[in-house]
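User: I am new to this structure and would like a close look at how one kind of part, the helix, sits against its surroundings. Please take me through it slowly, in one connected account.

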Amino acid sequence: MEISINSLQERDAEELFEFEKNNRLFFEQMVPSRGEDYYNFETFKIRHKELLTEQQENKSKFYLIRDNLDKIIGRINLVDIDTTNDIAEVGYRVGQEYGGKGIGARALKLLLETEISVKKIKAKTTTNNIASQRVLEKNGFKQVSTSDDEFKMNGKKLQFIDYILEL
């Protein structure tokens, strides 16, 4: 399957909301919930506009991962862009029906080929998210630490693992 990453646009709000809503339970198995309000379309539209403003101010860059039929199959973002220290943080999520197909790794590779405004990119995942760890490692990220703090999610004790990529 061919994929592309495209900058988030205002017109994407409705389709993105449906993608998030349809994958909510799947995502919440690996990452903390975004809260009930996030899944109210009026609230979602406000948050969407805030993301677009953040993007316009070059504080973050938000991309949609699309398949060859132009359907949203995931998201990949570069956030907390610090141009003074040439560092940012990457985050991504791929819809449940597209997991295990290498889409996250390919999307991250596309982002790294597109995004050259920083020299270091940080990433964070949970100890139970082996797929995300593989995506990062396939793209040259190195594990730098595992948090001493444990937290409970879905009945499991987890920790965060921090990664970094130096370009």
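Analyst: A residue is called buried here when its relative accessible area is under 20%, and exposed when that value is over 50%, with partly exposed in between. The model is a predicted one, and every value below is computed from it.

With that cut-off in hand, helix α4, which spans residues 130-138, has as its buried residues Ser132, Gln133, Val135 and Leu136. Around the helix axis these residues cover an arc of only 160°, which puts them on the same side of α4. The face turned away from that buried side carries Ala131, Arg134 and Lys138, which are exposed. As for what covers the buried residues of α4, the list includes the strands β4 (87-94), β5 (120-126) and β9 (160-166), together with helix α3 (103-114). After α4 comes Gly140, a residue whose phi is positive, near 90°.

Three of the elements that cover α4, namely β4, β5 and β9, also belong to an open sheet of seven strands, whose order is β1-β2-β3-β4-β5-β9-β6 and whose pairing is mixed. At the edges of this sheet are β1 (3-7) and β6 (142-146), each of which pairs on one side only. From one strand to the next, the twist averages 25°. In general, the strands of a sheet pair through backbone hydrogen bonds, and they may do so in a parallel or an antiparallel way. In this sheet, β3 and β4 run antiparallel and are joined by seven bridges, and Val79 has Glu89 of β4 as its bridge partner.

A residue of β3 gives a view from within the sheet. Asn77 is placed in that strand, which covers residues 72-82, and a relative accessible area of 13% makes Asn77 buried. Apart from neighbours within four places in sequence, Asn77 touches Lys61, Phe62 and Tyr63, as well as Glu89, Val90 and Gly91.

Helix α1, made of residues 13-27, lies across β2 (61-67), β3 and β4, and runs at about 95° to β3. Phe27 lies in this helix and is buried, with a relative accessible area of 6%. Leaving out neighbours within four places in sequence, the contacts of Phe27 are Phe19, Glu20, Arg93, Val94 and Gly95. Along the chain Phe27 and Ala13 are 14 residues apart, and their C-alpha atoms are separated by 19 Å.

Helix α2 can be read in the way that α4 was. Its 16 residues, at 1.5 Å a residue, should span 22 Å, and this agrees with the 22 Å between its end C-alpha atoms. The buried residues of α2 are Phe44, His48, Leu51, Leu52 and Gln55, and since they cover an arc of only 100° around the axis, they are on the same side of α2. Ile46 and Gln56, on the other side of the helix, are exposed. Among the elements that cover the buried residues of α2 are helix α1 and the strands β2 and β3.

The ends of α2 have features of their own. At the N-terminal end, Asn40 acts as a cap, with a side-chain oxygen 2.8 Å from the backbone nitrogen of Glu42. Following α2 is Asn58, whose phi is positive, near 60°.

Glu54 is placed in α2, which runs over residues 41-56, and its relative accessibility of 23% counts as partly exposed because the buried class ends at 20%. Beyond neighbours within four places in sequence, Glu54 is in contact with Arg47, Lys59, Ser60 and Phe62. With one of these, Ser60, the side chain of Glu54 makes a polar contact from side chain to side chain, at 2.5 Å. Glu15, by comparison, is 39 residues from Glu54 in sequence and 20 Å from it in space, taken from C-alpha to C-alpha.

Positive phi values also occur in loops. Asp70, in the loop between β2 and β3, has a positive phi of about 70° although it is not a glycine, and at 49% relative accessibility Asp70 counts as partly exposed. Asn154, in the loop between β7 (151-153) and β8 (156-158), likewise has a positive phi, near 55°, in a residue other than glycine, and with a relative accessible area of 53% Asn154 is exposed.

Notes
Residues are numbered from 1 along each chain as its sequence is written. This is a predicted model: local features need pLDDT of at least 70, side-chain atom pairs count only at pLDDT 80 or more; totals for chains, interfaces and linings use all residues. Side-chain values use heavy atoms; hydrogens and water are left out. Buried means under 20% relative accessible area, exposed over 50%, partly exposed in between (1.4 Å probe, protein chains only). Helices (H or I, at least four residues) and strands (E, at least two) are DSSP runs, numbered from the N terminus. The arc is that of the directions from the helix axis to the C-beta atoms. Contact means heavy atoms within 4.5 Å. A polar contact is a pair of N or O atoms within 3.5 Å; within protein, one must be able to donate a hydrogen and the other to accept it, and residues adjacent in sequence count only if both atoms are side-chain atoms. Two strands pair if DSSP finds at least two bridges between them. Axes are lines fitted to C-alpha atoms, for helices over the stretch in contact, and angles run from 0 to 180 degrees between N-to-C directions. The expected span of a helix is 1.5 Å times one less than its number of residues.
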